[in-house]
Amino acid sequence: MKKLLILFIAIVLSYPLFAQPDFKPVLGKWKYIVDTGGQGEMTGVFRISEVDGKLTGDATVENYTIPFTKIELKEGNKLVIEMKTESDHYKVDVKVEGNKFTGMGSSYQGEAPIMGEKIPE
């Protein structure tokens, strides 16, 4: 009986280590808008997919595609994305709520608010 109790406790404690996060809320295409202040708005599309249990994707801006160097879904549907170009490093930190997200984007040039909406498939 004691061995069964120890086995049960070990299974319960190790479950979170093997549980896969639910990526479904963030998978797909997302149209985004960055408010660059006095320079107007910049728009594009994030494409987010799951490959081998991990998130991957890219951003398209004016027919230029930038692959994500990092994408992570944190607790509370907080999405963190990083990408690099030859001249800049971008970080996007947003909260996904249903089919929309809001947050901040940053680069060497500074920070700017970003918002987006999921594109229906």
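Strand β7 (residues 100-107) and strand β8 pair in the antiparallel sense, with eight bridges between them, and the two strands form a hairpin in which two residues lie between them. The model described here is a predicted one. Beyond this hairpin, the points below follow the pairing of β8 with strand β1, then the aromatic rings, and finally the surroundings of Glu-82.

**Strand pairing**

- Within the pairing of β7 and β8, Gly-103 is the residue that stands opposite Ile-114 of β8.
- Strand β8, which covers residues 110-118, is also joined by five bridges to strand β1 (residues 28-35), and these two strands run antiparallel.
- On the β1 side, Lys-31 has Glu-117 of β8 as its bridge partner.

**Aromatic rings**

- The structure holds four aromatic pairs, and one of them is formed by Trp-30 and Phe-101, a tilted pair with 5.5 Å from centre to centre and 50° between the planes.
- This pair links distant parts of the chain, since Trp-30 belongs to strand β1 and Phe-101 to strand β7, and the two residues are 71 residues apart.
- Trp-30 counts as buried because its relative accessibility is 1%, and Phe-101 likewise counts as buried because its relative accessibility is 4%.
- The rings of Tyr-32 and Phe-46 have centres 4.4 Å apart and planes at 25°, so this pair is stacked, the cut-off for stacking being planes under 30 degrees apart.
- Because Tyr-32 lies in strand β1 and Phe-46 in strand β2 (residues 41-51), the stacked pair ties together parts that are 14 residues apart in sequence.
- Tyr-32 counts as buried at 3% relative accessibility, and Phe-46 is buried with a relative accessible area of 3%.
- Taken together, ring pairs link Trp-30, Tyr-32, Phe-46, Phe-68 and Phe-101 into a cluster.

**Glu-82 and its surroundings**

- Glu-82 is found in strand β5, which spans residues 78-84.
- With a relative accessible area of 16%, Glu-82 is buried, because the term applies to residues under 20%.
- The side chain of Glu-82 makes a polar contact with the side chain of His-89, at 3.1 Å.
- When residues up to four places away in sequence are not counted, Glu-82 touches Phe-68, Thr-69 and Lys-70, as well as His-89, Tyr-90 and Lys-91.
- Phe-68 therefore appears in two of these topics, because Glu-82 touches Phe-68 and ring pairs link Phe-68 into the aromatic cluster, in which rings pair if their centres lie within 6.5 Å.

How values were computed: Residues are numbered from 1 along each chain as its sequence is written. This is a predicted model: local features need pLDDT of at least 70, side-chain atom pairs count only at pLDDT 80 or more; totals for chains, interfaces and linings use all residues. Side-chain values use heavy atoms; hydrogens and water are left out. Helices (H or I, at least four residues) and strands (E, at least two) are DSSP runs, numbered from the N terminus. Buried means under 20% relative accessible area, exposed over 50%, partly exposed in between (1.4 Å probe, protein chains only). A polar contact is a pair of N or O atoms within 3.5 Å; within protein, one must be able to donate a hydrogen and the other to accept it, and residues adjacent in sequence count only if both atoms are side-chain atoms. Contact means heavy atoms within 4.5 Å. Two strands pair if DSSP finds at least two bridges between them. Rings of Phe, Tyr and Trp (its six-membered ring) pair if their centres lie within 6.5 Å; planes under 30 degrees apart count as stacked, over 60 as edge-to-face and the rest as tilted.
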